[in-house]
Amino acid sequence: MNETPSQDSMTIKRIDPSLYNADLAPLKPEDRTWGAFEIFNVWSNDIQSLFGYTLAASLFLTYGLNGWAVMAAIILAGVIVMFLVNLTGKPSVKYGIPFPVMVRASMGVRGANLPAMLRAIVGIFWYGVQTYFASTAMTLLLAALFGGGDGATFLGLSSLAWISFIIVWLFQIAIFWAGIERIKHFLNWAGPLVYLVMIALMVIVWVKAGSELLPAIDTIFSGGEADTTTHPVGAFMAIVGTMVAYFAAVVINFGDFTRFVKTERQMKLGNLLGLPLNVAFFSFIALIITAGTLVLFGEALTNPSDIVERVDALPLTIVAALTFFAATVGINLVANFIPPAYDLANLFPGKISFKMGGLITAIIAFFVGALWVSVISQIGVPGFVNALGAIVAPFYGIIVVDYYLIKRQHLNMQALFSAEPDAAYYYTQGWNTRALMAFGGAAIFSLSTVLVPALASLNGYGWLMGAGLGGLFYFILMRPFKAAPRYAGQKAS
């Protein structure tokens with residue numbers, strides 16, 4: 001069942017321009033250049049953003065749990081996400097296809113556009129928002145070097161902020177337009193650099209705090225900084241759910257990255273290093289620095305920008321601004337740029353390439369980022385986008401159950417690119433109505449955890465529950481259509 005596809009089976013013989021272009025086509029093993037280090041850096045860039053640091057640091061302060069319990073919850077979340085992405089990444093390693101092509105097997109060759117477009121909308125929105133946040137790091141740098149400007153604003157942004165926003169926007173396009181290899185090089189550079197700077201900042205704080213650091217760590221580790229009556233089990237599960245939800249955007253479309261990996265073993269090693277081990281180490285750094293701020297400033301600061309502002313040293317400001325910039329651009333490329341580029345290319349393959357999909361993403365996202373301060377952040381749009389994210393959750397369960405339990409880890413590459421009525425994944429007019437029913441039933445539940453106040457306590461694990469229900473409903477509806485088991489020696493088609 002895990003046989004390697006033949007070269008012939010991965011060459012699409014009949015080109016349908018409504019389903020095929022060179023960017024969506026199966027990537028052959030000899031054309032893949034990623035290994036465990038590149039997958040590790042996908043996660044490094046995902047974790048080491050400004051928001052990622054703030055989240056990790058605040059988890060030690062918010063729930064009133066013993067620090068060891070918090071660390072255990074963070075590591076458990078990393079293990080869960082590692083398990084989830086090993087499942088979604090494996091078929092793309094095997095067949096070299098991105099997420100929107102992979103999902104054709106379960107949703108239908110036309111129905112795949114539904115999850116692809118929902119994922120694209122979420123990605124484009126957050127791409128614009130993260131571009132704005134990356135520009136704040138650039139503004140910090142320019143202000144440190146050239147002064148803060150005259151204070152005049154347009155749409156809530158100063159002239160310096162506008163210059164920074166446009167610089168970041170163009171910089172990201174330039175990296176993306178240079179191709180996946182340039183993106184790989186940027187991620188490989190940004191991930192380790194951010195780690196070096198964070199370790200250096202930790203050492204500086206440790207030295208400055210001196211003998212008072214360990215008592216401060218003990219205060220945080222004992223939950224002494226928290227003001228909460230949350231039950232310990234509930235707090236533990238809330239931390240796990242929060243961390244899993246943080247990575248949810250990349251979990252579904254992880255195949256967009258693993259299609260470039262040479263072997264499944266390298267993918268799993270990269271996920272092991274990049275998730276439970278990486279998350280634990282980064283959280284430890286965040287803990288030390290946060291404890292240091294408690295000693296140095298009398299309060300626990302969880303926002304790196306606030307720490308740099310308090311220190312008020314030009315060299316540190318310059319280094320920190322560049323680091324925050326690299327970290328935020330890194331997560332933006334991983335979570336919010338590459339996925340919509342593939343998803344838009346899947347919509348009109350004959351007209352939209354991967355690069356063109358990225359350019360469309362960037363143009364729409366420009367207006368999202370430009371209007372973030374003055375309009376979007378004021379009207380509750382993020383709640384709408386979070387609701388879309390919850391709706392996408394059932395597709396994870398559908399994809400995994402379809403590949404492992406219904407298709408038995410075997411896909412027909414020719415059928416994934418065929419709109420012929422008798423093709424395996426054409427279903428009904430290109431849509432798998434049973435998959436739509438499974439999606440609809442599960443989406444109602446996962447969406448209700450976001451919108452219904454009575455279910456607000458489930459919001460942290462709404463994504464996991466929605467994914468589980470999507471898979472369960474799909475399995476029940478599709479069980480009569482399970483493929484026969486495949487045995488070693490059978491010819492792959």
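**Exercise 1. Is K184 buried or exposed, and what is its relative accessible area?**

Solution. Keep in mind that this is a predicted model.

- Step 1: K184 has a relative accessible area of 8%.
- Step 2: Buried means under 20%, so K184 counts as buried.
- Step 3: Now look for a partner. The side chain of K184 meets that of E181 in a salt bridge, at 3.1 Å from N to O.
- Step 4: Both residues sit in helix 8 (residues 180–209), three residues apart, which is about one turn of the helix.
- Step 5: E181 is partly exposed, because its relative accessible area is 31%.

**Exercise 2. Work out which parts of the chain the salt bridge between E420 and R14 ties together.**

Solution. Start with the pair, then place each residue.

- Step 1: The side chains of E420 and R14 meet at 3.7 Å, N to O, and the cut-off for a salt bridge is 4 Å.
- Step 2: E420 lies in the loop between helix 17 (413–416) and helix 18 (433–451), and R14 in the segment before helix 1 (36–47), so the bridge links parts that are 406 residues apart in sequence.
- Step 3: Check the surroundings of each one. E420 is partly exposed at 37% relative accessibility, whereas R14 is exposed at 63%.
- Step 4: The total count is four salt bridges. Another one of them joins K407 and D402, at 2.5 Å from N to O. Here K407 is buried at 11%, and D402 is buried at 2%.

**Exercise 3. Describe where S135 sits and what it touches.**

Solution. Go from the helix to the neighbours.

- Step 1: Find S135 in helix 6 (residues 113–146).
- Step 2: Its relative accessible area is 2%, so S135 is buried.
- Step 3: Skip the neighbours within four places in sequence, and S135 is in contact with S164, F165 and V168.
- Step 4: Try a distance too. S135 and A321 are 186 residues apart along the chain, and their C-alpha atoms are separated by 9.8 Å.

Now do the same for V400. You'll find V400 in helix 16 (residues 381–406), buried with a relative accessible area of 13%. Beyond four places in sequence, V400 touches L87, T88 and L405. The C-alpha atoms of V400 and F282 are 29 Å apart, with their positions 118 residues apart along the chain.

**Exercise 4. Find the residues that touch the most other members of the largest nonpolar core.**

Solution. Take the core as a whole, then zoom in.

- Step 1: The largest nonpolar core has 152 residues, and W43, F247, F254, I289, L411, L416 and W463 touch the most other members.
- Step 2: Helix 14 (residues 314–347) gives this core its largest share, 17 residues.
- Step 3: Pick L416. Not counting residues up to four places away in sequence, L416 touches I97, V101, R104, A105, V109, L411 and Y425.
- Step 4: Apart from this core lies another one of eleven residues, including F125, V129, A161 and I376.
- Step 5: Look at the surface as well. F154, L155, I363, F367, L371, V375 and I379 make a nonpolar patch of about 620 Å². Of these, F367 is in helix 15 (residues 354–370).

**Exercise 5. Which elements have the lowest and the highest mean pLDDT?**

Solution. Begin with the whole protein.

- Step 1: The mean pLDDT is 85, and 91% of the residues reach 70 or more.
- Step 2: Helix 13 (residues 304–311) has the lowest mean at 72, and helix 5 (residues 104–107) the highest at 96.
- Step 3: Over residues 487–493, pLDDT stays under 50, and the model has ten contacts beyond four places in sequence for them.
- Step 4: Where pLDDT is low, don't read the predicted coordinates in detail.

Definitions and conventions: Residues numbered from 1 in each chain as written. Predicted model: local features only at pLDDT ≥ 70, side-chain atom pairs only at ≥ 80, totals over all residues. Heavy atoms only, no water. Patch = residues over 30% accessible without salt bridge, like charges linked within 9 Å, V, L, I, M, F, W, Y side chains within 5 Å. Areas by Shrake-Rupley, 256 points an atom, 1.4 Å probe, with all protein chains shown as cover. Helix = DSSP H or I, 4+ residues; strand = E, 2+ residues; numbered from the N terminus. Core = buried A, V, L, I, M, F, W, Y, C linked by side-chain atoms within 4.5 Å. Buried < 20%, exposed > 50% of the residue type's maximum accessible area, 1.4 Å probe, protein only. Contact = heavy atoms within 4.5 Å. pLDDT = per-residue confidence, 0-100.
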